[in-house]
Protein chains: 2
Amino acid sequence: MKRVYSLQLALTLALVATLAARAQALAQTDPLPSWNDGPAKHAIVEFVQATTTQGSPKFVPPAERIATFDQDGTLWVSHPMYTQVIYCLERVPAVVKAKPELAKVEPFKTVLSGNREAMAKLSMKDLEKILAATLTGMSVDDFNAEVKKWLATAKDSRWKRPYTDLTYLPMQEVLKYLRANGYKTYIVTGGGQDFVRVYSEATYGIPPEQVVGTAGGTKYGYDRSGKPFLTKEPKLLLNDNNAGKPEGIHLMIGRRPYAAFGNSTGDRQMLEYTKAGDGARLAMLVLHDDAKREYAYGPAQGLPDTKVGTFTQALYDEAKKQGWVVISMKNDWERIFAVEE
Amino acid sequence: MKRVYSLQLALTLALVATLAARAQALAQTDPLPSWNDGPAKHAIVEFVQATTTQGSPKFVPPAERIATFDQDGTLWVSHPMYTQVIYCLERVPAVVKAKPELAKVEPFKTVLSGNREAMAKLSMKDLEKILAATLTGMSVDDFNAEVKKWLATAKDSRWKRPYTDLTYLPMQEVLKYLRANGYKTYIVTGGGQDFVRVYSEATYGIPPEQVVGTAGGTKYGYDRSGKPFLTKEPKLLLNDNNAGKPEGIHLMIGRRPYAAFGNSTGDRQMLEYTKAGDGARLAMLVLHDDAKREYAYGPAQGLPDTKVGTFTQALYDEAKKQGWVVISMKNDWERIFAVEE
């Protein structure tokens, strides 16, 4: 019998050794390999450990683990123009084809001219007319199909790649790291909720029901065969920017996030609201300070505020005062994109 | 060595026997034990098997598995008055205490009188004034705390139990059965989204972010110490009844449900919209036809339409025509409540 016991003992020891090695390997696996060592990376790891370790004084029950992410400029490139605005401008010819009387009416006339200088001078009111004409009036299903078709072929002018390729690898790692630790990840975007929902699942692993964005009403009706469908209406329900972000979070989620990520003044209230909760709360801002690998715009460059996703000096000062962690693209990110640059 | 092998063989056989018995027990475990055998129970089981069995022509990928449930009259008792309306009426004295000038103004004067006959005659416009006064004007946190406090002590007048005790056991089983098969379960209620969110998780296992309901706007602001908070505003964003249900589902979820459950005309469009999707779709209506164990109101009793959750003859005819399955409380449910009746 002795030999049998020896065999069993040897097998048991081998198993224990294997398990121990595996546990060590897991512990050593860096969840954020594209992040350089520094305060930003440390803040994320410390937050996750504090809120998910049983017995930690800052432990958060799994059901309450909510993290919200701005999209444009936080998860993907939004410079020099929002992707959705490019979509709307490129949809104008199709809209005018369906309604030829618009060809002679501003702002459509200017957009059709292709004169970029004139287009850059369009007012917010002009832009609203373009958004209304290209984002409303069609069925939800038709809109989804149009956006999907456009995203499959449209390309960023600098990188010559589909927009959905230009997400930030370090932020994709944060999304996965939080989810692996029981966090529900949400996009909370000033962009159109319906627009972002078309690609959020494939691009970020975030399902449509976890996308909060600027949202318009829909109208329920029936087609000729009696089949019901929803039409996108030019009626604004939620302007998911600035104070609209916490308001949108309450409307769509109903819980205060434990972590929030942004990159511009439009995210200030979301970060404030997140940090105002009890216990451990993480608020982070992506600073675009990498002119070579991406773009540099914001206070650190002494550049003027741009129209898109402004990171003002006031926001920078507020971040320092409130304990929000600023992420320097240049210093904190070893790589920018998942695709080769 | 022979004895050792025999021992191993015996242990292996015992293990196999145990696993086989367990598999059989699992297969035989009825996921809907409070349901009597019949077409309603069969429809639910067949739907779940068709949409979750790999290789089934009607298989639905886990990410798309969405099921929506009306609340009042579908998941819990809503007769003779909605629980939320009772809450609002019982809040009136506190509101008047804070604003004494309301004591002499209608409809508050009538509510304070306690004259039930007069209260029953209040118009929809009167009711709206009461809802606005009791559901808006306070912070989201104060509102949540008030509702929680009220629910802990308020009792249904017939059963002398907290309202949250009066959920239907058969529907709780459906919620669990669907979730065990990868469905995300949502409440889609004509009731107030913020009201239902206070108890949905403890009562149904449905987290706040999976409650879609009639929703008002909130306003972001700061208290004297500079701490941000949200105030409930008397501004209707979503009237989550009738056509508002599919509109609300699009706004809050962004996907068409595969299964929908209701009990009144207010659920008709949600069921239509659900059934209009491709593949297997389940639409069910709870019919209150059990005067003894709960209530009987609707076409089967030849009773007139009531103000609350009407199941009209037209809805009954529509259900038959569209293949929606009617659940008879009297015949399909072996038990009504989880608590003893």
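**Chain architecture, cavities and cores of the predicted model**

Chain A comprises 13 helices and 7 strands. The structure described here is a predicted model. Of the 341 residues in chain A, 52% are buried. The accessible surface of this chain amounts to about 16,500 Å², and carbon and sulfur atoms account for 55% of that area. When contacts in chain A between residues at least 6 apart in sequence are considered, 64% of them join residues at least 24 apart.

Internal space was examined next. The structure contains 2 cavities of 30 Å³ or more. The largest cavity encloses about 50 Å³. Its lining is drawn from both chains: A:Lys184, A:Tyr186, A:Glu209, A:Gln210 and A:Met252 contribute from chain A, and B:Lys184, B:Tyr186, B:Glu209, B:Gln210 and B:Met252 contribute from chain B. Two elements, β2 (184–192) of chain A and β2 (184–192) of chain B, give two or more residues to this lining. By residue class, the lining of the largest cavity consists of 4 nonpolar, 2 polar and 4 charged residues.

The second largest cavity has a volume of about 30 Å³. The residues around the second largest cavity are B:Gln71, B:Asp72, B:Trp76, B:Tyr82, B:Thr83, B:Gln84, B:Gly191, B:Phe195, B:Val196 and B:Tyr199. At least two lining residues come from each of α3 (83–98) and α9 (193–204) of chain B, and α9(B) provides the largest share, with 3 residues. The lining of the second largest cavity is made up of 5 nonpolar, 4 polar and 1 charged residues.

The largest nonpolar core holds 67 residues. Those that touch the most other members are B:Trp35, B:Phe47, B:Phe69, B:Met171, B:Leu178, B:Phe261 and B:Trp333. Helix α3(B) supplies the largest share of this core, 8 residues. Another core, of 65 residues, lies apart from the largest one and includes A:Trp35, A:Val77, A:Trp150 and A:Ala154.

The surroundings of B:Trp35 were considered in more detail. With residues up to four places away in sequence left out, B:Trp35 touches B:Ala40, B:Lys41 and B:Ile44, as well as B:Pro170, B:Met171, B:Glu173 and B:Val174. The remaining contacts of B:Trp35 are with B:Ile327, B:Asp332, B:Trp333 and B:Glu334. Two of these partners, B:Met171 and B:Trp333, are themselves listed among the core residues that touch the most other members.

B:Pro170, a further partner of B:Trp35, is located in helix α8 of chain B. The relative accessible area of B:Pro170 is 0%, so this residue is classed as buried. Beyond its neighbours within four places in sequence, B:Pro170 is in contact with B:Ser34, B:Trp35, B:Trp333, B:Arg335 and B:Ile336. B:Gly262 stands 92 residues from B:Pro170 along the chain, and the C-alpha atoms of the two are separated by 14 Å.

Helix α11 of chain B, residues 268–275, is mostly covered, with 6 of its 8 residues buried. The buried positions in α11(B) are B:Gln269, B:Met270, B:Leu271, B:Glu272, B:Tyr273 and B:Thr274.

Backbone geometry is notable at several loop positions. Most peptide bonds are trans, and most residues other than glycine have a negative phi. In chain A, the bond joining A:His79 and A:Pro80 is cis, with omega about 0°. A:Pro80 falls in the loop between β1 (66–69) and α3 (83–98) of chain A. A cis bond also leads from A:Glu106 to A:Pro107, where omega is near 5°. A:Pro107 is placed in the loop between α3 and α4 (108–113) of chain A.

Positive phi values occur in both chains. A:Asn242 has phi near 50° and is situated in the loop between β4 (228–238) and α10 (244–252) of chain A. A:Asn242 has a relative accessible area of 36% and is therefore partly exposed. In chain B, phi of B:Lys160 is likewise positive, near 50°. The loop that contains B:Lys160 runs between α7 (140–153) and α8 (169–180) of chain B. B:Lys160 reaches 59% relative accessibility and so counts as exposed, the threshold for this class being over 50%.

Methods:
Residues numbered from 1 in each chain as written. Chains lettered and ligands numbered in written order. Predicted model: local features only at pLDDT ≥ 70, side-chain atom pairs only at ≥ 80, totals over all residues. Heavy atoms only, no water. 1 Å grid on protein atoms, 1.4 Å probe; cavity = no way out; pocket = protein on both sides within 12 Å on 5 of 7 lines; lining within 4 Å. Points joined across faces, edges and corners; volume = space filled by probe spheres on them. Helix = DSSP H or I, 4+ residues; strand = E, 2+ residues; numbered from the N terminus. Nonpolar A, V, L, I, M, F, W, Y, C, P; charged D, E, K, R; others polar. Core = buried A, V, L, I, M, F, W, Y, C linked by side-chain atoms within 4.5 Å. Buried < 20%, exposed > 50% of the residue type's maximum accessible area, 1.4 Å probe, protein only. Contact = heavy atoms within 4.5 Å. Areas by Shrake-Rupley, 256 points an atom, 1.4 Å probe, with all protein chains shown as cover.
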